[in-house]
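User: I would like to go through this model and ask, for each label attached to it, what the label rests on. Please set the values against the cut-offs as you answer.

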Amino acid sequence: MNKSWPLDLDALPLAVGQCAALATIMEATAPKPGNVYRGADFEDLSYPDFVVSATLLAPIYDLAPDVPLGQTILAAVKTTRRAVATNANLGTILLIAPLAKVPRGVPLAAGISAVLAQLDANDSRDVYEAIRHAKPGGLGRVEEGDVAAEPPASLLDAMRLAAERDMVARQYAENFATVLDFVVPSLAREIAAGVCLLDAIVRVHVELMSQYPDSLIARRCGLEVAQQSAARAGKVLAAGRPGSEAYEQGLADLDFWLRARGHERNPGTTADLVAAGLFVALRDGIIKPPFRLARPWS
């Protein structure tokens with residue numbers, strides 16, 4: 001029997017995988033200072049890497065509600081590394097996968113705590129394997145919960161141990177408070193103010209940098225450099241609003257400073273948190289089609 005599309009296509013919600021793919025691509029497309037974006041690649045990581053990996057992972061996220069979290073994360077990392085030569089998205093995977101596992105009818109604020117409470121030793125083993133497989137830079141060694149050691153029985157305990165030095169781990173320890181209570185409301189505020197989506201993403205990225213010194217920069221360059229990047233981000237915000245000459249010049253100056261030493265000052269953890277916030281905003285209809293991505297003259 002032939003099937004037909006529902007008459008009201010506008011009533012069809014975005015699938016979880018679509019939300020994840022769009023969030024990752026939108027985040028990578030926005031010209032955020034210090035990150036990869038269109039026309040601003042790193043030597044070992046390019047904008048197409050993000051687009052390819054985001055597209056390939058959509059079906060994995062669609063299955064996330066019915067699959068153990070660790071298996072989803074490991075499958076996403078392995079799929080990425082088969083297609084892309086470097087770690088393009090480990091932090092984003094670690095953040096979006098738990099959010100994608102929350103059943104669609106359950107509010108994320110309540111559902112994420114249930115997902116995290118169900119984590120077991122198998123999830124810990126799979127997530128540790130995923131991290132090793134991704135080979136992220138700047139991890140170093142720690143006495144407890146080190147990824148090179150035997151996986152702990154409790155992934156949540158390991159994340160709590162790392163929460164002070166890693167903002168991705170802190171989301172697990174604090175029920176994704178930064179994503180849900182800072183990033184998502186900030187995106188909603190900028191969009192409600194009429195800012196186009198790419199400008200809103202950049203603005204929220206800089207706000208997040210200013211409030212939470214990027215933990216990837218801290219791991220690679222030390223906390224003092226991460227705090228310097230936060231202070232510089234604060235000066236950009238103080239310069240004005242998106243579109244003003246002073247603000248745009250401030251963004252350009254921050255971008256130049258962050259890139260001045262290769263990409264060791266890449267605020268990658270901030271980007272991961274923004275991608276997770278975009279996923280939430282797309283899933284919950286805060287951002288919805290038709291998307292106003294850029295300024296008309298861009």
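User: How much surface does the chain expose, and what share of it do carbon and sulfur atoms supply?

Analyst: The model is predicted, and in it the chain exposes about 13,900 Å², of which carbon and sulfur atoms supply 55%. Of the 298 residues, 52% count as buried, a label that requires a relative accessible area under 20%.

User: What makes the radius of gyration of the chain agree with that of a compact globule?

Analyst: A compact globule with 298 residues would have a radius of gyration near 19 Å, and the chain has 19 Å, so the two agree. The C-alpha atoms fill a box of roughly 60 × 50 × 35 Å along the principal axes. Among contacts between residues at least 6 apart in sequence, 71% join residues at least 24 apart.

User: How many helices and how many strands does the chain have?

Analyst: There are 14 helices and 0 strands, and the pattern read along the sequence is accordingly written as α-α-α-α-α-α-α-α-α-α-α-α-α-α.

User: Why is the pair of tyrosine 172 and phenylalanine 176 called tilted?

Analyst: The count of aromatic pairs comes to 2. In the pair of tyrosine 172 and phenylalanine 176 the ring centres are 5.7 Å apart and the planes stand at 50°; centres have to lie within 6.5 Å for a pair, and planes under 30 degrees apart would be stacked and over 60 edge-to-face, so an angle that meets neither condition is called tilted. Tyrosine 172 has a relative accessible area of 2% and phenylalanine 176 one of 0%, and because buried means under 20%, both residues take that label.

User: What makes the pair of phenylalanine 182 and tyrosine 212 edge-to-face?

Analyst: The planes of phenylalanine 182 and tyrosine 212 are at 85°, with 5.7 Å centre to centre, and since an angle over 60 degrees counts as edge-to-face, the label follows. Phenylalanine 182 lies in helix 9 (residues 177-192), whereas tyrosine 212 lies in the loop between helix 10 (197-211) and helix 11 (215-221), so the pair ties together parts that are 30 residues apart in sequence. Phenylalanine 182, at 18%, is buried, while tyrosine 212, at 25%, counts as partly exposed, because the dividing value is 20%.

User: How do you know that arginine 265 lies over the face of tryptophan 257?

Analyst: The distance from arginine 265 to the ring centre of tryptophan 257 is 4.2 Å, against a limit of 6 Å, and a position within 35 degrees of the ring normal is required as well. Arginine 265 is accordingly described as lying over the face of tryptophan 257.

User: Is arginine 283 buried or exposed, and which contacts does arginine 283 make?

Analyst: Arginine 283, in helix 14 (residues 268-283), has a relative accessible area of 7%, so it is buried. The side chain of arginine 283 makes a polar contact with the side chain of aspartate 284 at 2.8 Å, a value within the 3.5 Å limit. Leaving aside neighbours within four places in sequence, arginine 283 is in contact with Cys19, Val102, Pro103, Arg104, Val106 and Leu108.

User: Why is alanine 294 called partly exposed, and which residues are in contact with alanine 294?

Analyst: Alanine 294 lies in the segment after helix 14 and has 31% relative accessibility; because this is neither under 20% nor over 50%, the residue counts as partly exposed. Its contacts, neighbours within four places in sequence aside, are Cys196 and Leu198. The C-alpha atoms of alanine 294 and leucine 198 are 5.8 Å apart in space, with their positions 96 residues apart in sequence.

User: What makes the backbone at asparagine 175 and phenylalanine 176 worth a remark?

Analyst: Most residues other than glycine have a negative phi, and most peptide bonds are trans. Asparagine 175 has a positive phi of about 55° and phenylalanine 176 one of about 60°, although neither is a glycine. Asparagine 175 is found in the loop between helix 8 (167-173) and helix 9, as is phenylalanine 176. The peptide bond from proline 289 to proline 290 is cis, with omega near -5°, and proline 290 is in the segment after helix 14.

Conventions: Residues numbered from 1 in each chain as written. Predicted model: local features only at pLDDT ≥ 70, side-chain atom pairs only at ≥ 80, totals over all residues. Heavy atoms only, no water. Phe/Tyr/Trp six-rings, centres within 6.5 Å; stacked < 30°, edge-to-face > 60°. Buried < 20%, exposed > 50% of the residue type's maximum accessible area, 1.4 Å probe, protein only. Helix = DSSP H or I, 4+ residues; strand = E, 2+ residues; numbered from the N terminus. Rg over C-alpha atoms; globule rule 2.2 N^0.38 Å. Contact = heavy atoms within 4.5 Å. Areas by Shrake-Rupley, 256 points an atom, 1.4 Å probe, with all protein chains shown as cover. Polar contact = N/O pair within 3.5 Å; in protein donor to acceptor, adjacent residues only side chain to side chain.
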